[in-house]
Amino acid sequence: TFSFVVMILFRPAFSIYINTLSSTESLTISNNRTLVSPGDVFELGFFRTNSSSRWYLGILYKQLSERTYAWVANRDNPLPNSIGTLKISNMNLVLLDHSNKSVWSTNLTRVNERSSPVVAELLANGNFVMRHSNNNDASQFLWQSFDYPTDTLLPEMKLGYDLKTGMNRFLTSWRSSDDPSSGDFSYKLEAQRLPEFYLSSGVFRLYRSGPWNGVRFSGIPDDQKLSYLVYNFTENSEEVAYTFRMTNSSIYSRLMLSFSGYIERQTWNPSLRMWNVFWSFPLDSQCDSYRMCGPNAYCDVNTSPICNCIQGFNPSNVQQWDQRVWAGGCIRRTRLSCSGDGFTRMKNVKLPETTIATVDRSIGVKECEKRCLSDCNCTAFANADIQNGGMGCVIWTGRFHDMRNYAADGQDLYVRLAAADL
């Protein structure tokens, strides 16, 4: 729970619903003024946490009984006391402390000052934007909070790369449930040959989402379609990004990175007055752990031990493997001969890491198999997209990393083996 600045002055009703800040106005901690989005869902204002006397500027869900913040501006540079001002200065949004020093700013350098004045606006979807007062076009926003997520992805926000600007939007956890400063955990898209999200703690990767397969990420099988949610993953010359939108605006749903290092899909339950965790990842600490079983092996919670060599492979160190030290992984029983090789089909797997995979979205699985066989370096192939019977072609060369097996969902992977091992 949080204490929050609320309106306690008697003001005309319309002032409560003002969602814009002009270049002549300011928000201060002392004047109790907030911006409220159209639709009354989000509110932008100053807050402090229970355990701290420091102040933050943030956006919260206005109507919920549980204080829930969607975004924090100055998370790593709080105001030390109850004097703070948000205003527009030199075509930038700035947050000033008691000595008029900037603790946070939009930091824009190239704004055409000859055009119309600048305003800041809290939109209905929770996006806090700065724009020219005569231009409402979203593609012309000068700055938007949606480009700088904290720990929460709201509907219509994007996670991933804007290739035009080179910006990668990612989530960073809070330090604790009561401290919004940047925590240890991040959830970030790596735009490699087949883009995937990685959950990391500092420089250490903890978990991999698997690549997008047209329906969901192959390593998040629980992320099924909910009737009120539409997921979208876009990969083109302008962006590589994941987003979702709601078909029912009365339901609040968000994707968040918890301070304890879990990615959670949460939906607000109005009758219980609490956030319901629809799914959470990593789900099981063993098989979801990054590279749990070493190369050319896969993890399966229903086998004992949980790490298994792929068909046609043996443990690289049998003694270690028997002691359940799996980092060394597995090696091929029989070297590939380039001619006469075939494929074993692994069903319901999280596809191996795609750092050195190549992708061709224009061909189907039959041509993919032919292409793999004609390339002596090809070690496996799979569909890039599982919709409509499967399309697209992903080809791996070299070893396989970070695979796991699922009881259902997952995806088919065709691993190349020498004839003797088929």
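With which residue does D162 form a salt bridge? In this predicted model, the partner of D162 is K164, the closest N and O atoms of the two residues being 3.8 Å apart. The two ends of this pair differ in their surroundings, in that D162 counts as buried at 14% relative accessibility, whereas K164 is exposed, with a relative accessible area of 58%.

The chain in which this pair is found contains three helices and 35 strands, and its C-alpha atoms fill a box of roughly 85 × 45 × 40 Å along the principal axes. Of its 422 residues, 54% count as buried. Among contacts between residues at least 6 apart in sequence, 52% join residues that are at least 24 apart.

A total of 20 salt bridges was found. One of them joins R208 and E196, whose side chains meet at 2.4 Å, N to O; because R208 belongs to strand β20 and E196 to strand β19, this pair ties together parts that are 12 residues apart in sequence. Both R208 and E196 are buried. Another salt bridge connects R291 with E353, with the closest N and O atoms 3.0 Å apart. Here R291 is placed in the loop between β25 (274–281) and β26 (297–299), and E353 in the loop between β30 and β31 (358–360), so that the pair ties together parts 62 residues apart in sequence. R291 is partly exposed, with a relative accessible area of 36%, while E353 counts as buried at 4% relative accessibility. R291 and E353 are also members, with E190 and R205, of a network of salt bridges. R205 in addition lies over the face of Y198, at 3.7 Å from the ring centre, and the charged end of K188 sits over the ring of F170, 4.1 Å from the centre of that ring.

A search of the whole structure for aromatic pairs returned 27. In one of these, the ring centres of F197 and F217 are 5.4 Å apart and the planes stand at 85 degrees, so the pair is edge-to-face. Since F197 lies in strand β19 (residues 196–201) and F217 in the loop between β20 (204–208) and β21 (229–235), the pair ties together parts that are 20 residues apart in sequence. Both partners are buried, F197 with a relative accessible area of 1% and F217 with one of 3%. The rings of W279 and F281, with centres 5.7 Å apart and planes at 75 degrees, likewise form a pair that is edge-to-face, and W279 and F281 are both buried. Ring pairs further link F197 and F217 with Y187, W212, Y231, F233 and Y242 into a cluster.

Two further buried residues were examined individually. D385, in the loop between β32 (378–382) and β33 (393–397), is buried yet has no salt bridge, the nearest side chain of opposite charge being that of R361, 5.6 Å away. The side chain of D385 instead reaches the backbone nitrogen of Q387 at 2.8 Å, and beyond its neighbours within four places in sequence D385 is in contact with N213, G214, G390 and M391. M346, in strand β30 (residues 342–350), counts as buried at 11% relative accessibility. Residues up to four places away in sequence being left out, M346 touches Y298, I310, M403, Q411, D412, L413 and V415; the C-alpha atoms of M346 and V415 are separated by 7.4 Å, although the two residues are 69 residues apart along the chain.

How values were computed
Residues are numbered from 1 along each chain as its sequence is written. This is a predicted model: local features need pLDDT of at least 70, side-chain atom pairs count only at pLDDT 80 or more; totals for chains, interfaces and linings use all residues. Side-chain values use heavy atoms; hydrogens and water are left out. Helices (H or I, at least four residues) and strands (E, at least two) are DSSP runs, numbered from the N terminus. Buried means under 20% relative accessible area, exposed over 50%, partly exposed in between (1.4 Å probe, protein chains only). Lys and Arg count as positive and Asp and Glu as negative; His and the chain ends are not counted. A salt bridge is a side-chain nitrogen of Lys or Arg within 4 Å of a carboxyl oxygen of Asp or Glu. A polar contact is a pair of N or O atoms within 3.5 Å; within protein, one must be able to donate a hydrogen and the other to accept it, and residues adjacent in sequence count only if both atoms are side-chain atoms. Contact means heavy atoms within 4.5 Å. Rings of Phe, Tyr and Trp (its six-membered ring) pair if their centres lie within 6.5 Å; planes under 30 degrees apart count as stacked, over 60 as edge-to-face and the rest as tilted. A charge sits over a ring if NZ of Lys or CZ of Arg is within 6 Å of the ring centre and within 35 degrees of the ring normal.
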